[in-house]
Amino acid sequence: MAADDRVGEKAIRRSLGIGGRVPGAVKTRAAKRKRVGWVLFSLAHVLGAVLVVLVMLPGRKTVPSPIPFLVAIALIECFYLVQFKRREKSRGAASWIVVLLWAFMIVWEVFTTKLNQLHPVLMPAPEAIFNVFATQYPELLLNVSSSLQLLVMGAVTALVSGVVLGTIVGWIPSLRDVLAPIARVLAPIPSVVFAPYLVALTPSFRAASALIIFLGVFWPTFISAINRVASIDRRIIESARMLEMGSFSMVTKILLPYIIPSVLGGLNMQLTSSITMLTFAEMLGASSGMGYYIINYTNFANYTNVIAGIIVVGIVVTLLNWLINVVKRHAIKWR
């Protein structure tokens, strides 16, 4: 039996990765991943160098100055190096992203600038697109500022009001029984379907755009807050009642702190839907904003500026997501 026990223990330790040959296998896999990581790192820099050489060489197509494009390549490379140094666990993913990006840009550069094989209007050269950032940055910044103002007007107001009102409604059973079914009907309806009616009701396209964003964010946040309050552990409520807390104190000191982490956890998805509705709303008839910038140049078939505007939207969304993650790390430290 003692021998059987030792065999069983050895099997358990091996399955848990303790003792036996498992640590050596783990070290081998770690070393293999490390080698693959450095191979990808080298490949990313080789492709980056190839791209720079291609940009510097003359091609069949006349393009603006390549300096803005080269600056963009340098900025991406610097950001990649910082991420590679700071985040060891995500080095492989970062390297793959850069490899795919450089490969795409090489193909793009070869078939547009060097060979001039793609449609000159629909597929402009990368030098022309990045030259937009150098020559039209005041207009781009103005439209980004307008979009962010509209986003704050609609999304932030909807988030705050949805959380506060949803907490109150979720706490009061009579309100919850009446308003929760209404919210469940309205929440799945895309707010953009109300756009023609809102444009007719509101005094300006900007007000209609803000209201479209507000409705799109408010109802999902409102029903989520109601459900979160309804699912709170009853022991927490009973403990608070033993302290003779009133309804106001219960909402502000117990319920709101309880649901805010879940709200912060879903901010990235809320941001995505907000940007989608923002862009659509600005395309309705606004006179500024990134959605307006894109649709305006689309009407003139200026796809160089259209692609530049799409890139700016991507950069803005990335920065906002990074800012949200920073807030989440500091506000929800236990996650």
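Pockets, patch and salt bridge in a predicted model

Q: Which helix gives the most to the lining of the largest pocket?
A: Helix H14 gives the most to that lining, with 13 residues. The model is predicted.

Q: What is the volume of the largest pocket, and what lines it?
A: The volume is about 1700 Å³. Of the 39 lining residues, Ile-76, Phe-79, Ile-315, Thr-318 and Leu-319 are the closest to the centre of the largest pocket. Two or more lining residues come from each of the helices H3 (67–86), H4 (91–114), H5 (126–135), H6 and H14 (303–331).

Q: How many residues of each class line the largest pocket?
A: The lining has 30 nonpolar, 6 polar and 3 charged residues.

Q: What makes up the lining of the second largest pocket?
A: This pocket has a volume of about 480 Å³. It is lined by 21 residues, and Ala-155, Val-156, Leu-159, Leu-267 and Ile-324 lie nearest its centre. H6, H11 (247–265), H12 (267–285) and H14 each give two or more residues to this lining, and H6 gives the most, with 9. By class, the second lining has 19 nonpolar, 2 polar and no charged residues.

Q: Why is Leu-165 called partly exposed?
A: The class of partly exposed lies between under 20% (buried) and over 50% (exposed) relative accessible area. Leu-165 has 41% relative accessibility, so it counts as partly exposed. Leu-165 lies in helix H6.

Q: What makes Leu-165 fit for a nonpolar surface patch?
A: A patch residue needs over 30% relative accessible area, and Leu-165 has 41%. Leu-165 is one of the residues of a nonpolar patch of about 810 Å², along with Val-152, Ile-168, Leu-175 and Ile-182 among others. The helices that give two or more residues to the patch are H6 (137–171) and H7 (173–186). H6 gives the most, with 6 residues.

Q: How do you know that Lys-114 and Glu-109 form a salt bridge?
A: The rule asks for a side-chain nitrogen of Lys or Arg within 4 Å of a carboxyl oxygen of Asp or Glu. For Lys-114 and Glu-109 the N to O distance is 2.6 Å, so the pair meets the rule. By this rule the count comes to 1 salt bridge.

Q: Are Lys-114 and Glu-109 buried or exposed, and why?
A: Buried means under 20% relative accessible area. Lys-114 counts as buried because its relative accessibility is 11%. Glu-109 is buried because its relative accessible area is 0%.

Methods: Residues numbered from 1 in each chain as written. Predicted model: local features only at pLDDT ≥ 70, side-chain atom pairs only at ≥ 80, totals over all residues. Heavy atoms only, no water. Patch = residues over 30% accessible without salt bridge, like charges linked within 9 Å, V, L, I, M, F, W, Y side chains within 5 Å. Areas by Shrake-Rupley, 256 points an atom, 1.4 Å probe, with all protein chains shown as cover. Helix = DSSP H or I, 4+ residues; strand = E, 2+ residues; numbered from the N terminus. Buried < 20%, exposed > 50% of the residue type's maximum accessible area, 1.4 Å probe, protein only. 1 Å grid on protein atoms, 1.4 Å probe; cavity = no way out; pocket = protein on both sides within 12 Å on 5 of 7 lines; lining within 4 Å. Points joined across faces, edges and corners; volume = space filled by probe spheres on them. Nonpolar A, V, L, I, M, F, W, Y, C, P; charged D, E, K, R; others polar.
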